[in-house]
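Colleague: I should be grateful for a close look at a single part of this model, namely its salt bridges. Please explain them in terms suited to a first-year student.

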Amino acid sequence: MAEEKNTILQKLDGLEARYEEVSTLITDPEVIADQGRYVKLAREYKELGDIMDARKRYTACLNAIKESKDIIVNESDPDMKAMAREELQDNEALQPKLEEEIKLLLVPKDPEDAKNVQMEIRAGTGGDEAALFAGDLFNMYKRYCDIKGWNVSVTSFNEGAVGGYKEIDFAVSGDNVYGTLKYESGVHRVQRVPATETQGRMHTSAATVAVLPEADKFEVHIDESKIKWDTFRSSGAGGQNVNKVSSGVRLRYPWKNPETGEEEEILIECTETRDQPKNKERALSRLYTFVYDREHAKYVGDIQSRRKSLVSTGDRSAKIRTYNYPQGRVTDHRIGYTIHDLQGFMNGNIQDMIDHLTVAENAEKLKDNEL
């Protein structure tokens, strides 16, 4: 235990210098002027502040344990010894709880957790009943978002023949939305007697849910100081001027390909006009367009691959959760957890399930972490 405590304290001591550095940086006018950097540092400051607060409580707990042990060994007054034993017992019970809290705080945060999301619900196996269930899932998430104080905005939908949705897309914005809703991605299965069933038989239907973190609006960053310019004489029509004046421009720019990660050299030539400054301007514009197109292609590809990885075919076999109406239960198959209040769950009371999924994920993260 002593070795583990020492490891924790060493990690916390190492972060103290960074906390001081960030607290200074966020007051720097240059940093404040750079909104992107400022927001990033402000988030880091908040996270480090939580760790420093836990460090203070942990150190106080360790000191209290040491003092209590000293009193028990060295003090002759029985009342003082009794009080020290009681305090020792309380702090020894508190110590492992603080260590678990600190370990979780030290697990690297997923930067996407703080993002807003785009959600997609698609009716899968089950025809009309699947569309009705997709509608029920949307209403469930809408109620949950209302409880959380989040904003829901429907972007597109295709209604089912008897109600519900064949598909519905909506955006959710608020605090830590993706970090909360990311566990909902997958195939949701329902077992119930549909309103469309005349014989009273139970059906199994499915709907797929995808939770996509809102993509950062990428910007094209080009360091113009790295552009190497050459001029040359144009050839072809244009008379004496074209041949005698170096109006053609050529730029070379070192660029990291976002798909391969390798550095390439972009070469662009422009001889469109006899005016060198205009050719230079047009060559620069082409460079921005080229980089934008390549960055945009990667951005679109990332979204598409994420969507493929999140949503299965809608087949009943690839399920993450079952909603069983006759038994009034909801079971999440990833963690084997069941809630016996299906009606409350469908009314948006899904926080307990999300909490259990969060605990399970944190347990996995702790296994991968050094502590």
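**Salt bridges in the predicted model**

Modeller: By the rule applied here, the count comes to 21 salt bridges. The model is a predicted one, and the values that follow are computed from its atoms. Side chains of opposite charge can pair when their charged atoms come close.

Consider to begin with the pair R18 and E44, whose side chains meet in a salt bridge with 2.7 Å from N to O. This pair links distant parts of the chain: R18 belongs to helix α1 (residues 2-25), E44 belongs to helix α3 (residues 35-74), and 26 residues separate the two. R18 counts as partly exposed, since its relative accessibility is 26% and the partly exposed range runs between 20% and 50%. E44 is also given as partly exposed, at 23% relative accessibility.

Helix α3 takes part in another such link. Its residue R57 forms a salt bridge with E101, and the closest N and O atoms of the two are 2.7 Å apart. Because E101 lies in helix α4 and R57 in helix α3, the pair ties together parts that are 44 residues apart in sequence. E101 has a relative accessible area of 30% and is therefore partly exposed; R57, with 33%, is likewise partly exposed.

Helix α4 spans residues 78-106 and also holds N91. With a relative accessible area of 12%, N91 is buried, because buried means under 20%. Leaving aside residues up to four places away in sequence, N91 touches C61, A64 and I65.

The next pair belongs to strands. The side chains of D332 and R321 meet in a salt bridge, with 3.1 Å from N to O. D332 is in strand β10 (residues 329-332) and R321 is in strand β9 (residues 319-324), so that this pair, too, links distant parts of the chain, with the two positions 11 residues apart in the numbering. D332 is buried, at a relative accessible area of 0%. R321 also counts as buried, at 0% relative accessibility. Moreover, salt bridges that share partners join E184, R321, D332 and R334 into one network.

To summarise, the pair R18 and E44 links helix α1 with helix α3, the pair E101 and R57 ties helix α4 to helix α3, and the pair D332 and R321 links strand β10 with strand β9.

Definitions and conventions: Residues numbered from 1 in each chain as written. Predicted model: local features only at pLDDT ≥ 70, side-chain atom pairs only at ≥ 80, totals over all residues. Heavy atoms only, no water. Helix = DSSP H or I, 4+ residues; strand = E, 2+ residues; numbered from the N terminus. Buried < 20%, exposed > 50% of the residue type's maximum accessible area, 1.4 Å probe, protein only. Contact = heavy atoms within 4.5 Å. Salt bridge = Lys/Arg side-chain N within 4 Å of Asp/Glu carboxyl O.
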